[in-house]
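Subject: Structure handover

Hello,

I am passing this structure on to you. Please open it alongside this email and follow along.

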Amino acid sequence: MKVGDIVTRSDGQVLRSGGEAYMEAIVIKTRPLVLVSHGTDMRWESTVRDVAFTVIGPASTAALARCSRRMDN
């Protein structure tokens, strides 16, 4: 797993935040692991571990740039 990868939960469940469900997220940092939703409305860090996710492909350059801005918030 590396920065820019799109990941899903390995157990078939979805990422959650409140009442929202997210099928996948983009890795924006690996140590510690930080994931951001495609829409950038959610960021996960302390509640996620890399072993719980499967890489399904790379994010586009534009999507990674948009999601990486969440590190500033």
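Below are notes on two loop residues and on the salt bridges.

One caution before the details: this is a predicted model.

Loop residue S37

Start with S37. It lies in a loop. Strand 5 (33–36) comes before that loop, and strand 6 (43–44) comes after it. Is S37 buried or exposed? S37 is buried, because its relative accessibility is 1% and the cut-off for buried is under 20%.

S37 also has a side-chain partner. Its side chain makes a polar contact with the side chain of D41, at 2.7 Å. Now set aside residues up to four places away in sequence. S37 then touches Y22, M42, W44 and C67.

Loop residue A52

Next, go to A52. This residue sits in the loop between strand 6 and strand 7 (53–58). A52 is partly exposed, at 31% relative accessible area.

Which residues does A52 contact, leaving aside neighbours within four places in sequence? They are T8, R9 and S10. Keep R9 in mind, as it returns below in a salt bridge with D11.

One distance to check on your screen: A52 to L64. They are 12 residues apart in sequence. In space, their C-alpha atoms are 21 Å apart.

Salt bridges

How many salt bridges does the structure hold? There are 3. Here they are in turn.

- D5 and K2: their side chains meet at 3.2 Å, N to O. D5 is buried, with 5% relative accessible area. K2 is exposed, at 52%. So this bridge joins a buried residue to an exposed one.
- D11 and R9: the closest N and O atoms of this salt bridge are 2.5 Å apart. D11 is partly exposed, at 46% relative accessible area. R9 is partly exposed too, at 29%. This is the R9 that A52 contacts.
- R43 and E45: the side chains form a salt bridge at 2.8 Å, N to O. E45 is partly exposed, with a relative accessible area of 34%.

Where to look

Try S37 with D41 for the polar contact. Then view A52 together with T8, R9 and S10. From R9, step across to D11. Finish with D5 and K2, then R43 and E45.

Best wishes

Note on methods:
Residues are numbered from 1 along each chain as its sequence is written. This is a predicted model: local features need pLDDT of at least 70, side-chain atom pairs count only at pLDDT 80 or more; totals for chains, interfaces and linings use all residues. Side-chain values use heavy atoms; hydrogens and water are left out. Helices (H or I, at least four residues) and strands (E, at least two) are DSSP runs, numbered from the N terminus. Buried means under 20% relative accessible area, exposed over 50%, partly exposed in between (1.4 Å probe, protein chains only). A polar contact is a pair of N or O atoms within 3.5 Å; within protein, one must be able to donate a hydrogen and the other to accept it, and residues adjacent in sequence count only if both atoms are side-chain atoms. Contact means heavy atoms within 4.5 Å. A salt bridge is a side-chain nitrogen of Lys or Arg within 4 Å of a carboxyl oxygen of Asp or Glu.
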